[in-house]
Amino acid sequence: MFKRFDDDTRKVVEIFVDGRPVMAREGDTVSAALFASGLDVRRKTAVSGAPRLPYCMMGVCFDCLVTIDGMGNRQGCLVPVHPGMQIEIQKGKREIGR
Amino acid sequence: MTINRPMRDEYDLAVIGAGPAGLAAASLAAQSGLLTLLLDENQGPGGQVWRAVTSTPVKETRLLGDDYWAGSKLVEEVRASGAEILQGATVWSLDRHLEIGISAGGGSQFIRAERVILATGALERPFPIPGWTLPGVMTAGAAQTALKSSGLIPDGKTVVAGQGPLFWLLTAQILRMGGRIDLVLDTTERRNYLRALPHAAAFLTSPYFRKGLAMMREVRSKVRVVSGVTRIAASGNGRLEEVAYEAGGRSVSVPADLLLLHQGVVPNVNLAMSAGVKHRWDDIQLCWSPVLDANGGTSVEGIAIAGDGAGIGGALAAVERGRIAARAAVEALRPQAGAKVPSMETFRAALAKAERGRIFLDVLFRPSKQFRIPGGDTIVCRCEEVTAQDILDSVAIGATGPNQLKAYRRTGMGPCQGRLCGLTVTELMAEARGKPPEEIGYYRLRAPVKPITLSELASLPKNESATKAVVRG
Amino acid sequence: MPNSYDIAVIGGGLLGSAIAWGLGRIGQRVCVLDEGDIAKRASRANFALVWVQSKGLGMPAYTGWTMQASDTWPKLAAELLDQTGLDVCFQRNGGFHLALGEEELEQRSALLKRLHNQPGAVDYKMEILGREQVARMLPHIGPEVSGGSFCPYDGHVNSLRTFRALHTGMAKFGVDYRPEHPVSDIKYVQGEFRLASPNGEIRAGKIVLAAGNANQTLAPMVGLEAPMGPTRGQIVVTERTMPFLPHPLTTVRQTDEGTVMIGDSKEDMLDDTVLNLPISSVMADRAQRMFPLLGRLNVVRSWSGIRVMPKDGFPIYDQSETCPGAFVTCCHSGVTLASNHAFEIAPMVAAGALDKKKLGAFSATRFQKSDVRTSGYY
Ligand SMILES: Cc1cc2nc3c(=O)[nH]c(=O)nc-3n(C[C@H](O)[C@@H](O)[C@H](O)COP(=O)(O)OP(=O)(O)OC[C@H]3O[C@@H](n4cnc5c(N)ncnc54)[C@H](O)[C@@H]3O)c2cc1C
Ligand SMILES: Cc1cc2nc3c(=O)[nH]c(=O)nc-3n(C[C@H](O)[C@H](O)[C@H](O)COP(=O)(O)OP(=O)(O)OC[C@H]3O[C@@H](n4cnc5c(N)ncnc54)[C@H](O)[C@@H]3O)c2cc1C
Ligand code: FES
């Protein structure tokens, strides 16, 4: 759906998506990095399990919810990546304690 | 300097939102000697229009345009002004006593200010077409945000649909950066051109006129534009696969991986409404707007609203509204300091200039009914997955407005708290009941306007009477 | 006559709708007059427990009335499902009141003792459990939990869906629901009630006042009384989570949708448009100490609501001597008692008289005596 434009000179940051290494760039939000990864990063809603991807990228819609470093339901479009970040795609409701 | 929690408990002025309005307000207030705190949820300043202006990888000026880079100047100005700037700080509560709940760096705290300027800007208007929740359908603004902050450009088969000044800007920006767009579906109603005509004279002298025309021309020269689109539906199995549309009575389907939707922006009312600020239905812009005095002052003593949150006026107007609200705060708190800043008249004149021709845009780009008021099994509330028909069923058993509807169907109860369904719900119920939207009303909003963790809430100050109210046999 | 009914119910909250549904169910021609979208409506703001334990201290009859409601709730849920297709998710799986620290546990034990010593109350098997026993049933409790009380008859329900199901069912029974019809005046003229509202006059042979705290002002218009002492309650709710809490508590419960509700304060302040955040903080803190894992969940909403609260905390059911056919009904715990309102009160109203044997204790005449005691309402 998206690719990076050619002249992006920002530093590469390695993050992990469901255990797989992904090269993000410094300053990316989690959602931007996930889009750029080309992976299937569709989450499933907590209501019906319908697949979703980020819709607004500005913190409004909550369709970017994702588990970041073990913490569920974070807004991927607002959180910047950091090296070694562990991201898990959420399928349905989060578990308590995660 | 950027830090991650407020340095004090009390300020003269708290400005919420670091877009054009907030930057301008904070900078003027701090320069005039007010102890000023500027708060914003994003990692960097700029708001929507100047998103990531200090960090974007897209350095070549031509690509994002001069209007984008104009933001850097204001960012520099506020950084030199002495205002305390807190990025990554979400305001989740504001009350009548001007107590502000802030979540930053995983913790929450309260501060108090003598005055508050809400500069929380706008949101893209909901665009509830069939299939708008499918992966691969997103707002045009979302794509633009990804483009500005990370240099992402559409790659697969891409359709852009909608209308409005921002719509054309975004399309032009994507194309300039080598992104792929296969088709542009223009939903502007043909009869709106006639309706807008009486306001054209003012628009001709507006700063937006020439830029707007040039951009539309630029887009038309590069991709196919279908005008007069009257229906759009997205479909696919688990993701977007096809966009169907109707124009001039003809139905067409095209394969697509990405559909970008946009039909204008509307004020972001959640924080203001939760603070008890009175709003009214704006029949021209088709949204809720705060009731304001000439300085942006609201019905709640001490709270002013500036920028697009005060009613859509665009970035230039946002700057001037920010200055007016800030000057009013300076006049109230440090009357002597007011002498050093330009007069209110200067700002008002600048605002009038920036707002010139706005009515033309409002009328021309008034989104048509079928794209605002959906029917059948089209989802209205994305969070709770409630359809238009569900809402009509509730009207049929006697729900008269959004709050009873909420009780029956959970609309607006999800994490977005009605931001993406509220307007649709009001208009849909108004239509179903044959009443004006003003009479239907809006969700009653309360803190937290953005989620905070239970442990954050639990860590806030308590007192004996609060404990007594909870702990009982 | 389009504006004339066998029975007019005033108030469309859980009481009014349960009674109207019950009346529609037995073929009465009924209308319900209600306020509009903005209204103080406890039925949209409650904690949704169908709760038995600790009810009735100071009025043994209330214990029996509550047990009866709990016993007949399954029937209400089944009929609603059958009629409307809506599953209100009633669960009678036993409920807890948890204590943090020894002192709270002692207080709870003392309350239990006082309840036990009360003559004439039915036994609802409320018992005190120690920490280990609690931990076996509620695996996620935190170290500060000292124990709690448990009652096997306690349960919970999706109360908003119940509200919707009752209104859906009312429509199916042909009940005329008229929102935006606040009743401002009631006149009793020649055996008929005339109800004034800004949207026209309604006439009915009988009326049921079910207007919550507003009953206090309406009741005297028809020779009744309903002394009220409303309180405010605040609730906090989290995002949806996988099921983790197998039983409801007085102050924490997980809904069928997955959200976790945390309740609920008791305040004298009666403005339901604002919140008291220190109170939310105390509630959040206690919930987190009961279940430390809750701390990580996001709070997505909170609200405050006004309890419909008769002065002494017990229900009022009464009928007028001077205006025969006028009834008044109001109570806290209108979720719990919904089944009684549908299956017991409605038929009595249709028949024209409340059963003194069953409901005599709830007559408002009790307020004319001086020794009115208050109940702890959990
Ligand atoms: C997605 C999008 C893209 C846009 N792009 C353009 C564009 O390219 N060109 C253009 O001319 N106009 C654009 N606009 C229109 C926009 O409204 C501008 O007119 C302008 O940005 C408005 O300025 P503002 O200061 O009122 O608010 P904004 O620029 O919207 O700034 C508001 C700021 O407040 C912050 N905020 C909101 N709520 C909270 C909270 N509770 N706590 C903390 N911070 C909060 C937001 O994160 C944001 O940074 C866009 C609008 C949107 C929605
Ligand atoms: C925070 C909180 C937690 C609670 N938790 C529980 C619980 O866990 N379990 C439980 O069983 N109960 C609980 N309750 C209590 C329960 O919600 C109430 O007992 C019940 O909702 C009362 O229903 P009602 O119809 O009498 O009142 P309401 O829901 O208040 O309805 C009264 C209706 O009358 C209407 N009205 C008022 N004046 C007029 C007029 N003049 N003309 C026409 N209509 C009028 C109002 O608009 C409203 O619709 C709780 C309540 C609160 C506030
Ligand atoms: S994409 Fe909408 S909130 Fe993150």
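Buried area is the accessible area, taken with a 1.4 Å probe, that two parts lose on being put together, summed over both. Keep that in mind for the exercises below, and remember that this is a predicted model.

**Exercise 1. Work out how much area chain B and chain C bury between them, and which residues of chain B supply the biggest share.**

Step 1: Start with the total. Chain B and chain C bury about 4,300 Å² between them. Carbon and sulfur atoms carry 56% of that area.

Step 2: Look at who takes part. Chain B brings 45 residues to the contact, and chain C brings 58 residues.

Step 3: Pick out the top contributors in chain B. They are R446(B), L454(B) and R472(B), which supply 16% of the area that chain B buries against chain C, more than any other three residues.

**Exercise 2. Describe the polar side of the contact between chain B and chain C, then say which element of chain B gives the most residues.**

Step 1: Count the charged links. Four salt bridges run between chain B and chain C. One to find on your screen pairs E180(C) with R433(B), at 2.9 Å from N to O.

Step 2: Widen the search to polar contacts. Here you get 25 residue pairs, both partners at pLDDT 80 or more.

Step 3: Go through the elements of chain B. Those giving two or more residues to the side that touches chain C include β4 (89–94), β23 (452–453) and α19 (464–470). The biggest giver is α15(B), with six residues.

Step 4: Sort that side of chain B by class. You end up with 22 nonpolar, 13 polar and 10 charged residues.

**Exercise 3. Now do the contact between chain A and chain C: find its buried area and its salt bridge.**

Step 1: Get the area. Chain A and chain C bury about 1,100 Å² between them, with 62% of it on carbon and sulfur atoms. On the chain A side, K93(A), R94(A) and I96(A) lose the most area to chain C, together 58% of what that side buries.

Step 2: Count the residues. Chain A puts in 11 residues and chain C puts in 12 residues.

Step 3: Find the salt bridge. There's one between these two chains, and it joins R94(A) to E239(C), whose closest N and O atoms are 2.3 Å apart. So R94(A) counts as part of a salt bridge because the cut-off is 4 Å.

Step 4: Add the polar contacts. Seven residue pairs qualify between chain A and chain C, both at pLDDT 80 or more. By class, the side of chain A that touches chain C has four nonpolar, three polar and four charged residues.

**Exercise 4. Which residues lie closest to ligand 2, and how much of the ligand's area does the protein cover?**

Step 1: List the neighbours. Ligand 2 is surrounded by 41 residues, and the closest are D34(C), E35(C), R41(C), S43(C) and T336(C).

Step 2: Check the distances to ligand oxygen atoms. A polar side-chain atom of S43(C) sits 2.5 Å from one, E35(C) has a polar side-chain atom at 2.6 Å, and for T336(C) the distance from a side-chain N or O atom is 2.8 Å.

Step 3: Work out the cover. On its own, ligand 2 has 1,000 Å² of accessible area, and the protein covers 97% of it.

Step 4: Sort the shell. It has 22 nonpolar, 13 polar and six charged residues.

Notes:
Residues are numbered from 1 along each chain as its sequence is written. Chains are lettered from A and ligands numbered from 1 in the order in which they are written. This is a predicted model: local features need pLDDT of at least 70, side-chain atom pairs count only at pLDDT 80 or more; totals for chains, interfaces and linings use all residues. Side-chain values use heavy atoms; hydrogens and water are left out. Contact means heavy atoms within 4.5 Å. A salt bridge is a side-chain nitrogen of Lys or Arg within 4 Å of a carboxyl oxygen of Asp or Glu. A polar contact is a pair of N or O atoms within 3.5 Å; within protein, one must be able to donate a hydrogen and the other to accept it, and residues adjacent in sequence count only if both atoms are side-chain atoms. Ala, Val, Leu, Ile, Met, Phe, Trp, Tyr, Cys and Pro count as nonpolar, Asp, Glu, Lys and Arg as charged, and the others, Gly among them, as polar. A residue is near a molecule or strand if one of its heavy atoms lies within 4 Å of it. Accessible areas come from the Shrake-Rupley method with a 1.4 Å probe; for residues, only the protein chains shown count as cover. Helices (H or I, at least four residues) and strands (E, at least two) are DSSP runs, numbered from the N terminus.
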